[in-house]
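Biologist: I should like to learn how a structure of this kind is read. May we take its features in turn?

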Amino acid sequence: MTNDQWVVIGYGNTLRRDDGVGQVVAMEVQEWGYLGVRSLPLHQLTPELAQTLATVDGAIFVDAYPVSGETATVQVFPLRSEDADTISVGHHCDPRSLLALAQVLYDHSPPAWLVTIPAVDFEFGEILSPIAQQGVTDALIHIHRLLAIPAESPSRKSSGCVEMREL
């Protein structure tokens, strides 16, 4: 069991431009240096993450979503293990399946949220589109609020924190 109260899991392919936006957010959260918050930038979700989920009080998943014609905004959805269609144990999982797997294997599934960031460019490369860059900023604001850690909390390191603006 870890001392982490929260885990932020950002996933996606950093070599496919906007698809890597989840990892970018996870790395930024890691730079905040909050005690009790573990950040995992990952290429994809795997069944092994169920053990990590079973040891925390809350989880935030961060991923890109392809923008079509609608307004491109960051979206935040609560997740529940009960909403999983199936429990995937293959090489790739979705957040709800991981929560359900944690519940089945470890008898604990933490409250969780999915933060999705608008993405428009999935070509080869490492630079985010302006839409995804703005999404990173907005997602960090949402994550800060979900973590509910006061801006001047003594439980965070003094360096590496980003200034959070109101929506």
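Modeller: Let us begin with a definition: a residue is called buried when its relative accessible area is under 20%, exposed when that area is over 50%, and partly exposed in between. Please keep in mind that this is a predicted model.

Biologist: Which residues of helix 4 are buried?

Modeller: In helix 4, the buried residues are A132, G135, V136, D138, A139, L140, I141, I143, H144 and L147. The general idea that helps here is the helical repeat. An α-helix has 3.6 residues a turn, so residues three or four places apart point the same way. As for what covers the buried residues of helix 4, the elements include strand 1, helix 1, strand 2, strand 3 and strand 5.

Biologist: Why is D138 counted as buried?

Modeller: D138 has a relative accessible area of 17%, and the cut-off for buried is under 20%. The residue sits in helix 4, which covers residues 130-147. In space, the C-alpha atoms of D138 and T73 are 8.4 Å apart, although 65 residues separate the two in sequence.

Biologist: How does the span of helix 4 compare with the expected one?

Modeller: At 1.5 Å a residue, the 18 residues of helix 4 should span 26 Å, and the end C-alpha atoms are 26 Å apart, which agrees. After helix 4 comes A148, with a positive phi near 50°.

Biologist: How should the sheet be read, and in what order do its strands lie?

Modeller: Strands of a sheet pair through backbone hydrogen bonds, either parallel or antiparallel. Here 5 strands form an open sheet with mixed pairing, in the order 2-1-3-5-4. Strand 2 (37-42) and strand 4 (75-79) are at the edges; each has a single partner strand, so one side of each lacks a neighbour in the sheet. On average, neighbouring strands are turned by 20° against each other, direction ignored.

Biologist: In which sense do strand 1 and strand 2 pair?

Modeller: Strand 1, residues 6-11, pairs with strand 2 in the parallel sense, over 6 bridges. One of the residues involved is Y11, whose bridge partner in strand 2 is L42. Helix 1 (residues 21-32) packs on the sheet and touches strand 1, strand 2, strand 3 (58-66) and strand 5; its direction makes about 150° with that of strand 2. Helix 3 (residues 95-106) also packs on the sheet, touching strand 1, strand 3, strand 4 and strand 5, and its direction makes about 25° with that of strand 4.

Biologist: How many residues has the largest nonpolar core?

Modeller: The largest nonpolar core has 22 residues, and those with the most contacts inside it are V25, V29, I60, V62, I143 and L147. At least two residues come from each of strand 1, helix 1, strand 3, strand 5 and helix 4. Helix 4 gives the most, with 6 residues. Beyond four places in sequence, the contacts of I60 include W6, I9, W113, V115, I143 and L147. Another core, of 19 residues, lies apart from this one, and V7, L45, L53 and L99 are among its members.

Biologist: What of the loops: is S129 buried or exposed?

Modeller: S129 is buried, with a relative accessible area of 8%. S129 lies in the loop between strand 5 (112-119) and helix 4. The side chains of S129 and D18 are joined by a polar contact of 2.7 Å. By comparison, L15, in the loop between strand 1 and helix 1, is partly exposed at 48% relative accessible area.

Definitions and conventions
Residues are numbered from 1 along each chain as its sequence is written. This is a predicted model: local features need pLDDT of at least 70, side-chain atom pairs count only at pLDDT 80 or more; totals for chains, interfaces and linings use all residues. Side-chain values use heavy atoms; hydrogens and water are left out. Helices (H or I, at least four residues) and strands (E, at least two) are DSSP runs, numbered from the N terminus. Buried means under 20% relative accessible area, exposed over 50%, partly exposed in between (1.4 Å probe, protein chains only). A polar contact is a pair of N or O atoms within 3.5 Å; within protein, one must be able to donate a hydrogen and the other to accept it, and residues adjacent in sequence count only if both atoms are side-chain atoms. Two strands pair if DSSP finds at least two bridges between them. Axes are lines fitted to C-alpha atoms, for helices over the stretch in contact, and angles run from 0 to 180 degrees between N-to-C directions. Contact means heavy atoms within 4.5 Å. A nonpolar core is a set of buried Ala, Val, Leu, Ile, Met, Phe, Trp, Tyr and Cys residues joined through side-chain atoms within 4.5 Å. The expected span of a helix is 1.5 Å times one less than its number of residues.
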